[in-house]
Amino acid sequence: MTPAPAPAPARMAAPGHVALVGGGPGPLDLLTVRALRLLRVADVVIVDRLGPAAEVRAELRPSALVIDVGKRPGHHPVPQEQINALLIAHARAGKAVVRLKGGDPFVLGRGGEEVLACRAAGIEVEVVPGISSALAVPQAAGVPVTHRGLSSTVHVVSGHDLSGPHGPSAATLAALADDGVTTVVLMGVAALPALVAAALAHGVPGQRPTAIIENGHTPRQRTTRTTLARAVHTAGAVGVRSPAVIVIGEVARAGLLQPEASAALALAEPNRSAAPDLAEMAALGGQTPEHAA
């Protein structure tokens, strides 16, 4: 008799992997080609509040599991440690996991922490760059973060660092005081009063041009032009809300690249003291990390 074939060995689950994908400022067509390729074959997509999370769902496999871990002002439903645990658990189950983050994973996006967590767990991880809101949102408003003859240096800072117990760092104050430096503040709406007060106390000129761009690269985008000394009052008067990117420097001057399309973009200030009214910003919301953009 012919012996029965030996049973096939049990199949081991293929090891999964994680890709930290920069989603850019929001529009799907600002994703990189690699980012879109990884999203289209992903088994699990863990998404932030900002970035192209809504648009991208049409590009995913029907079986893909989408997990929303987005943070909102004052509301952090999924702590970072739990996000790390989700990445590891799904990758260990053999899944292709995409962590879709707004902006770029390594620009105030806590991507480094997620890389370290995956590597400590023995999970293969790659990082796909995205267009940071620090660059893309000013660009959408016609604000170049560098411009020949005006600025050749960019200082990017998180608003959460500005409102800490020690206030803006010496590096940030030096950047604000330097005529040739553009300071870009992410997640900085709630921190604006502390930033303005510290900057003026440090001797930064109150007439330093300032632009606040809300909801960059979306149909709700709005740009408010003002000066550093008037920024708190202006933001309160027009009702600035996060997400917003704040640009401080000579490149934020109105009409630098093109005439303003609407008077609403450059708010005409009433006559009043240049000193900021910090109470006017008390009701303004702040943007959470993993923007930002």
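This is a short dialogue on reading helix packing, a pocket and some backbone features in a predicted model.

Q: How is a pair of packed helices described?
A: Two packed helices are described by the angle between their axes and by the distance between those axes. Take α3 (residues 80–92) and α4 (residues 111–120): their axes come within 10 Å and cross at roughly 45°. That angle makes α3 oblique to α4. The crossing in which α3 passes α4 is right-handed.

Q: Which residues make the contact of α3 with α4?
A: From α3 come Gln80, Ile83, Asn84, Leu87 and Ile88, and from α4 come Glu113, Glu114, Ala117 and Cys118. By class, the contact of α3 with α4 divides into 5 nonpolar, 2 polar and 2 charged residues.

Q: At what angle do the axes of α7 and α8 cross?
A: The axes of α7 (residues 170–177) and α8 (residues 192–201) cross at roughly 70° and come within 10 Å. Angles of 65 to 115 degrees count as roughly perpendicular, so α7 is roughly perpendicular to α8. α7 passes α8 in a right-handed crossing. On the α7 side the residues are Thr172, Leu173 and Leu176, and they meet Leu195, Ala198 and Ala199 in α8. This contact of α7 with α8 has 5 nonpolar residues, 1 polar and no charged.

Q: How far apart are the axes of α8 and α9?
A: The axes of α8 and α9 (residues 231–238) are 9 Å apart, and the two helices pack at an angle of about 155°. An angle over 145 degrees counts as roughly antiparallel, so α8 is roughly antiparallel to α9. Leu192, Pro193 and Val196 of α8 make the contact with Ala231, Val232 and Ala235 of α9. The contact of α8 with α9 consists of 6 nonpolar residues, with no polar and no charged ones.

Q: How is empty space found, and how much lies in the largest pocket?
A: A probe the size of a water molecule, rolled over the atoms, shows where empty space is left. In this model, the largest pocket holds about 450 Å³ of space. It is lined by 28 residues, and the closest to its centre are Pro25, Arg49, Leu50, Gly51 and Thr218.

Q: Which elements give two or more residues to the lining of the largest pocket?
A: They are α2 (53–56), β8 (209–214) and β10 (244–248). With 3 residues, α2 gives the most to that lining.

Q: How do the residues of the lining divide by class?
A: The lining of the largest pocket has 14 nonpolar, 6 polar and 8 charged residues.

Q: What is found in most residues and most peptide bonds, as a baseline for the backbone?
A: Most residues other than glycine have a negative phi, and most peptide bonds are trans. Methionine 187, although not a glycine, has a positive phi of about 55°. Methionine 187 lies in the loop between β7 (181–186) and α8.

Q: Which residues does a cis peptide bond join?
A: Serine 242 and proline 243 are joined by a cis peptide bond, with omega about 5°. Proline 243 sits in the loop between α9 and β10.

Methods: Residues are numbered from 1 along each chain as its sequence is written. This is a predicted model: local features need pLDDT of at least 70, side-chain atom pairs count only at pLDDT 80 or more; totals for chains, interfaces and linings use all residues. Side-chain values use heavy atoms; hydrogens and water are left out. On a 1 Å grid over the protein atoms alone, a cavity is a set of points where a 1.4 Å probe fits but cannot get out, and a pocket is an open set with protein on both sides within 12 Å along at least five of seven lines; lining residues have an atom within 4 Å of a point. Grid points are joined across faces, edges and corners, and a volume is the space filled by probe spheres set on the points. Helices (H or I, at least four residues) and strands (E, at least two) are DSSP runs, numbered from the N terminus. Ala, Val, Leu, Ile, Met, Phe, Trp, Tyr, Cys and Pro count as nonpolar, Asp, Glu, Lys and Arg as charged, and the others, Gly among them, as polar. Axes are lines fitted to C-alpha atoms, for helices over the stretch in contact, and angles run from 0 to 180 degrees between N-to-C directions. Angles under 35 degrees count as roughly parallel, over 145 as roughly antiparallel, 65 to 115 as roughly perpendicular and the rest as oblique. A crossing is left-handed if the near helix is turned anticlockwise from the far one by less than a right angle, and right-handed if clockwise. Contact means heavy atoms within 4.5 Å.
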